[in-house]
Amino acid sequence: MRRLDHFMATANAQYYTERDPFADFITAPELTQVFGELLGLWAAEAWRLLGRPDPVLLAEAGPGRGTLMADALRAIRAVTPDFAGALRLHLIETSPRLRARQAEKLPGATWHETLAGLPPGPLILIANEFLDALPIRQFVHRCGAWSERYVAGAAFAEIACPDPPALLVETAPPDMPEGGVMEVAEAALDWVAALAGRIVADGGAALLIDYGPVRAAPGESLQALRDRRPAPPLENPGCADLTAHVAFSPLAACARARGAAVFGPLAQGVFLARLGLFQRSGQLARGLPPRPAAAMIAAAQRLAAPERMGKLFKALAIMHPGAPSPPGFEM
Ligand code: SAH
């Protein structure tokens, strides 16, 4: 029997090592080149706001197929060659299989297992759909106290948890129903705290995009996707992609507690529209035959429409204290 977060960590490590995750799900950079281009220009503007440090680390956590960063670098080279000259590319990726994919598109990058492996210095970091893959803990409200979920075979077991995490106690509503579930994204919170600490110490900026609510609320979001369809999360560990929604307020709070300036969370649709999603997509579409042109516009709408990915997905920026609002987050 293993605690849910330990189960999820092992299952996902196996999944990302042995399978091609993109057979099971599709992400924003795989939908349109404009997503990575806009994030590249965001990074270039953040670099300017930070006083143009040279050299600077440009890092991505969980780069998948490398598509986002390849699109970002193309835009950076075209628009801000001085940033292109100053940046050193670093990728945080545990899967050897995905590292090989990334190397095809991103020659000259340096890979790391963890955030702590990055060399010191000013850092601009981007992560899309990375935090949702990190392990979560789940707690069940029982008779006014908390039990924690473990995995036994392909079923949940509960063990009384007399000393639950402080965040759980702070975020659970007073009228928590009997049997109600709260999730704590402990690994994501630790990761963001370390990122913010480093940005405060060495300078830098980070843009985190993921899906989840603003506030932690009762309910469970652990899900498995296999062949683009929902699958039972506890069955066949390592064969499906396990993710959970990440609540953004607790992430923002722990970055602020480390002394960083935090902007957002902002709905992805609003954020991308402010960065020029529709102008750029329209410009590209005008140079294309009718079918790919329509697909280009449809992809932009899928990213931005509230009922598609525009509202559930959110963007959060973490900046060196005193830095002005980064692009898209202006009041
Ligand atoms: N950002 C990409 C891919 C998202 S899939 C995109 O938008 O398309 C999640 C990515 O995070 C994969 O590259 C996966 O291998 C990586 N990953 C998952 N858990 C990780 C961990 N604990 N440390 C580093 N990388 C991880």
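**View 1. C239, a partly exposed cysteine**. In this predicted model, C239 has a relative accessible area of 23%, which places C239 between buried (under 20%) and exposed (over 50%), as computed with a 1.4 Å probe on protein chains only. Residues are numbered from 1 along each chain as its sequence is written, and side-chain values use heavy atoms, with hydrogens and water left out. Local features need pLDDT of at least 70 and side-chain atom pairs count only at pLDDT 80 or more, whereas totals for chains, interfaces and linings use all residues.

**View 2. C161, a buried cysteine outside any disulfide**. The whole structure contains 0 disulfides (a pair of cysteine sulfur atoms within 2.5 Å). For C161, the nearest cysteine sulfur belongs to C143, 15 Å away. The relative accessible area of C161 is 11%.

**View 3. Polar contacts of the ligand with T27, G62 and G64**. A polar contact here is a pair of N or O atoms within 3.5 Å. A polar side-chain atom of T27 lies 2.5 Å from a ligand oxygen. Backbone polar atoms take part at two glycines: that of G62 is 2.7 Å from a ligand nitrogen, and that of G64 is 3.0 Å from a ligand oxygen. Of the 570 Å² that the ligand exposes when taken alone, the protein buries 91% (Shrake-Rupley method, 1.4 Å probe).

**View 4. The shell around the ligand**. Among the 17 residues around the ligand (a heavy atom within 4 Å), those that come nearest are T27, G62, G64, E93 and N128. By class, the shell has 8 nonpolar, 6 polar and 3 charged residues, with Gly counted as polar.

Technical notes: A polar contact is a pair of N or O atoms within 3.5 Å; within protein, one must be able to donate a hydrogen and the other to accept it, and residues adjacent in sequence count only if both atoms are side-chain atoms.
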